[in-house]
Amino acid sequence: MNPPLNTSALSPASPQFINRDTDALPGQGPGPVQELSEGLMAVDASVSPKYFYNALGSRLFEAITGLSEYYPTRTEAGIFETCHAHLARALAERGIQRPCLIDLGAGNCAKAMALIPHLQPRQYVPVDISVDFLKDAAAQVQSCFPALDIVGLGMDFSAGLALPAAVQAEDRVFFYPGSSLGNFQPAQALQFLQHIADPAQGHARGLVLGIDLVKDKATLEAAYDDALGVTAAFNKNLLLNVNQLIQSDFDVRQWRHVALFDAAQSRIEMHLEATQALSVQWPGHTRRFEAGERIHTESSYKYTPDGMTALLKQAGFSQVRHWSDPKNWFAVFWASV
Ligand code: AVJ
């Protein structure tokens, strides 16, 4: 059994913070202006869901997690409460002591805060595209765990997992909760999981993954179109973030929030629909939208436990197990390389 975390002795003052957003990394892909322009000018217009998460978007998402209709966050938390000890034992069985816990899409770090006392990481690495929001959250974690070595990473990890040297190479355990993997198309999800397992990239020993499971259409659509309209605000705020990033002139009052479940594709789709014919302009571009025309803003794929187990094995994880809630609405996976 690990000695208790010495929270007083070596108390690093504050988290180290590395902002990778500014670094033009090889193979990182086009910058936001080019990426957004290409998506908006496409026949079927689309914007990546990563553009939800400016400071306001991160707060709106936090509000979504408290809604009665949005069950994933609380259901996952309930599963962790029952499986924390099993998870710690599973890591010990693989000889992983005091891991380097790499938290993808950490947001407010609340989920990791619940996990840290059980896994007792030597190093905690919260990663998020919403840099300022992450800085505040990482400082919060530091105040709760003064002796914990924390390296915050501001980066878009969907484009690759090249981690800086400050991140410990041994005993890396990736933490990807909340069903954020669901934003990837299944083929991209497989590739991303392969990156995590790949010794030359993520160099993971294991992965703790939260996945939302397939269920009835009514429950799913309500979770993405709540009565209060918080998800609608979260979706429309993306247009304000786009205005900020590319100097476009979207008027959010001219757009309607749409959320629908496509059972054949096993995914929730979110769109913004033009309520009238309109034009949007930004430097070098004008895009006309007909009334009823949509911009796709997010897919959220839903899996079965068997389907995700197969995907993890295909990605290179040798051992996979999971825990679900009594209603089989959500599952937490432990996958080790
Ligand atoms: C953060 C991607 C897991 O898809 O459920 C919440 C984002 N979108 N409500 C999800 C989201 C609409 C959420 N993820």
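**Salt bridges and burial around Arg267**

Guide: In this predicted model, the side chains of Arg267 and Glu269 make a polar contact of 2.9 Å.

Visitor: What makes the meeting of Glu269 and Arg267 a salt bridge?

Guide: The N to O distance between the two side chains is 2.9 Å. A salt bridge requires a side-chain nitrogen of Lys or Arg within 4 Å of a carboxyl oxygen of Asp or Glu; therefore the pair of Glu269 and Arg267 qualifies.

Visitor: Why does Arg267 count as buried?

Guide: Its relative accessibility is 16%. The term buried applies under 20%, so Arg267 meets the criterion. Glu269 is likewise called buried because its relative accessible area is 11%.

Visitor: Where is Arg267 found, and which other side chain does a polar contact of 2.7 Å join to Arg267?

Guide: Arg267 lies in strand E8, which spans residues 267-274. The contact of 2.7 Å joins its side chain to that of Tyr301. Leaving aside residues up to four places away in sequence, Arg267 also touches several others, among them Gln185, Phe261 and Ser299.

Visitor: Why are Lys50 and Asp156 said to form a salt bridge?

Guide: Their side chains meet at 2.7 Å, N to O. The cut-off is 4 Å, so the pair is a salt bridge.

Visitor: What makes this a link between distant parts of the chain?

Guide: Lys50 and Asp156 are 106 residues apart. Lys50 is in the loop between helix H1 (32-41) and helix H2 (55-64), whereas Asp156 is in the loop between strand E4 (149-154) and strand E5 (172-176).

Visitor: Are Lys50 and Asp156 classed as buried or exposed?

Guide: Lys50 has 17% relative accessibility and Asp156 has 11%. Buried means under 20%, so Lys50 is buried, and so is Asp156.

Visitor: Why is Glu293 called partly exposed, and how is Arg287 classed?

Guide: Glu293 stands at 22% relative accessibility. Partly exposed covers the range between under 20% and over 50%, so Glu293 falls into that class. Arg287, at 8%, counts as buried. The closest N and O atoms of Arg287 and Glu293 are 2.9 Å apart, and the two residues form a salt bridge.

Visitor: Which residues do salt bridges with shared partners join into one network?

Guide: Glu35, Lys50 and Asp156 are joined in this way.

Visitor: How many salt bridges does a search of the whole structure find?

Guide: The search finds 13 salt bridges, including that of Lys50 with Asp156 and that of Arg287 with Glu293.

Conventions. Residues are numbered from 1 along each chain as its sequence is written. This is a predicted model: local features need pLDDT of at least 70, side-chain atom pairs count only at pLDDT 80 or more; totals for chains, interfaces and linings use all residues. Side-chain values use heavy atoms; hydrogens and water are left out. Helices (H or I, at least four residues) and strands (E, at least two) are DSSP runs, numbered from the N terminus. Buried means under 20% relative accessible area, exposed over 50%, partly exposed in between (1.4 Å probe, protein chains only). A polar contact is a pair of N or O atoms within 3.5 Å; within protein, one must be able to donate a hydrogen and the other to accept it, and residues adjacent in sequence count only if both atoms are side-chain atoms. Contact means heavy atoms within 4.5 Å.
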